[in-house]
Amino acid sequence: MIRSLLVLAVLLASNAAGAVGRPSFDPHIGAQLGLDKVFRDASGREGQLSEILGGRPALVIFGYDKCPNLCGVTQQAVASDLNKTGLDPQTYRALFVSIDPSETTQDAITARAEVAPSAGEEGLAAWRFLTSADDSGAALAAEAGITFDRRDRIAQYVHPIAVIALTPQGRIARVLPALNFEPRDLKLALVEASAGRLGSIADHIFLLCAGFDTSKGQYTSAIEAAVKMAGAATLLGLGVSLFILTRRRRV
């Protein structure tokens, strides 16, 4: 509820700042992102995406470090919820990829410092804040199905925001809507992206018995889905019974 109110408040603020476009967001499960693209992290170290992943699954957020809207809120929500997953931060990556080629290492350092209180010292080890002067961030976003619009008048980007789970090989495994996730969703997305390398036996059993509800952006167990269907069927049956009884009385 609190997250939903934050989203509403940010969107209202964006509308007040100027007309907001609606760039597209059309990621495809299984899409391959370019592992050869080079980025610089907050430490100033450069490396290809393949090196940054280092054989780990990752949660990826595209945005820009100076974003006054949802980027920071999403980073902090992900950082906080990852701490509740029970996963070892050394076994996965959390990547924030800037789509703004003008952003520098100093911008990445500032963004990292703002996330640090939510991530904690141990959780922060998984995070990488990536910039690129050659539009590698924008190109990677395009491969993920994201388009955005630069609004020079207000010095902002209008862009979709979501959390994308990547396999260690750089393929899209799952997409979670921003701020509409729970710690369990982040954990299962990483477990799924890891192809069985992360998570407990219970997590893998749940994935076998679960589906991903795209309308909610959350994992839903088969039992939960069955209960909902049974409830709907019961209500339908009661409705039909009442209708038949009402007609009989009239006759």
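Strands here are DSSP runs of E with at least two residues, numbered from the N terminus. Keep that in mind as you open this predicted model, and start the tour at strand β6, where you'll find D149.

**Stop 1: D149**

Select D149 and show what surrounds it. Buried or exposed, or something in between? With a relative accessible area of 30%, D149 is partly exposed, because that class lies between the buried limit of 20% and the exposed limit of 50%. Leaving out residues up to four places away in sequence, D149 touches P23, Q156, Y157 and V158. Now add H159 to the selection: D149 and H159 sit 10 residues apart in sequence, and their C-alpha atoms are 6.6 Å apart in space.

**Stop 2: the whole chain**

Zoom out and switch to a cartoon view. Eight helices and 11 strands make up the secondary structure of the chain. Of its 251 residues, 43% count as buried. Turn on the surface and you're looking at about 12900 Å² of exposed area, 57% of it supplied by carbon and sulfur atoms. How far apart in sequence are the residues that meet? Take the contacts between residues at least 6 apart in sequence: 74% of them join residues at least 24 apart.

**Stop 3: the core**

Hide the surface and head inside. In soluble globular proteins, nonpolar side chains tend to be buried together. Here the largest nonpolar core has 57 residues, and the ones to select are L59, F62, V78, L82, L95 and W127, which touch the most other members. Which helix gives this core its largest share? That's α3, residues 70-82, with six residues.

Stay on F62 for a moment. Setting aside its neighbours within four places in sequence, F62 has a long list of contacts, including F96, V97, I99, L140, A141, I161 and I164. H159, which you met at the first stop beside D149, is also in contact with F62.

**Stop 4: α3 against α6**

Next, show α3 together with helix α6, residues 183-193. Two packed helices are described by the angle between their axes and the distance between the axes. For this pair the angle is about 80° and the axes are 9 Å apart, so α3 is roughly perpendicular to α6. Which residues meet there? From α3 come V78, D81 and L82, and from α6 come P183, L186 and L190. The residues of this contact divide into five nonpolar, no polar and one charged.

**Stop 5: α5 and what lies around it**

Select α5, residues 136-143. S136, G137, A138, L140 and A141 are buried in this helix. What do the buried residues of α5 pack against? Show β1 (38-40), α2 (49-53), β3 (58-63) and β4 (93-98), and you have the answer. After α5 comes G145, with a positive phi near 90°.

**Stop 6: two loops with positive phi**

Most residues other than glycine have a negative phi, and most peptide bonds are trans. With that in mind, select D135, in the loop between β5 (127-130) and α5. D135 is not a glycine, yet its phi is positive, near 70°. At 38% relative accessibility, D135 counts as partly exposed.

For the last pick, go to A155, in the loop between β6 (149-151) and β7 (156-158). A155 isn't a glycine either, and its phi is positive, about 55°. Its relative accessibility is 48%, so A155 counts as partly exposed.

Note on methods:
Residues are numbered from 1 along each chain as its sequence is written. Side-chain values use heavy atoms; hydrogens and water are left out. A nonpolar core is a set of buried Ala, Val, Leu, Ile, Met, Phe, Trp, Tyr and Cys residues joined through side-chain atoms within 4.5 Å. Buried means under 20% relative accessible area, exposed over 50%, partly exposed in between (1.4 Å probe, protein chains only). Helices (H or I, at least four residues) and strands (E, at least two) are DSSP runs, numbered from the N terminus. Contact means heavy atoms within 4.5 Å. Accessible areas come from the Shrake-Rupley method with a 1.4 Å probe; for residues, only the protein chains shown count as cover. Axes are lines fitted to C-alpha atoms, for helices over the stretch in contact, and angles run from 0 to 180 degrees between N-to-C directions. Angles under 35 degrees count as roughly parallel, over 145 as roughly antiparallel, 65 to 115 as roughly perpendicular and the rest as oblique. Ala, Val, Leu, Ile, Met, Phe, Trp, Tyr, Cys and Pro count as nonpolar, Asp, Glu, Lys and Arg as charged, and the others, Gly among them, as polar.
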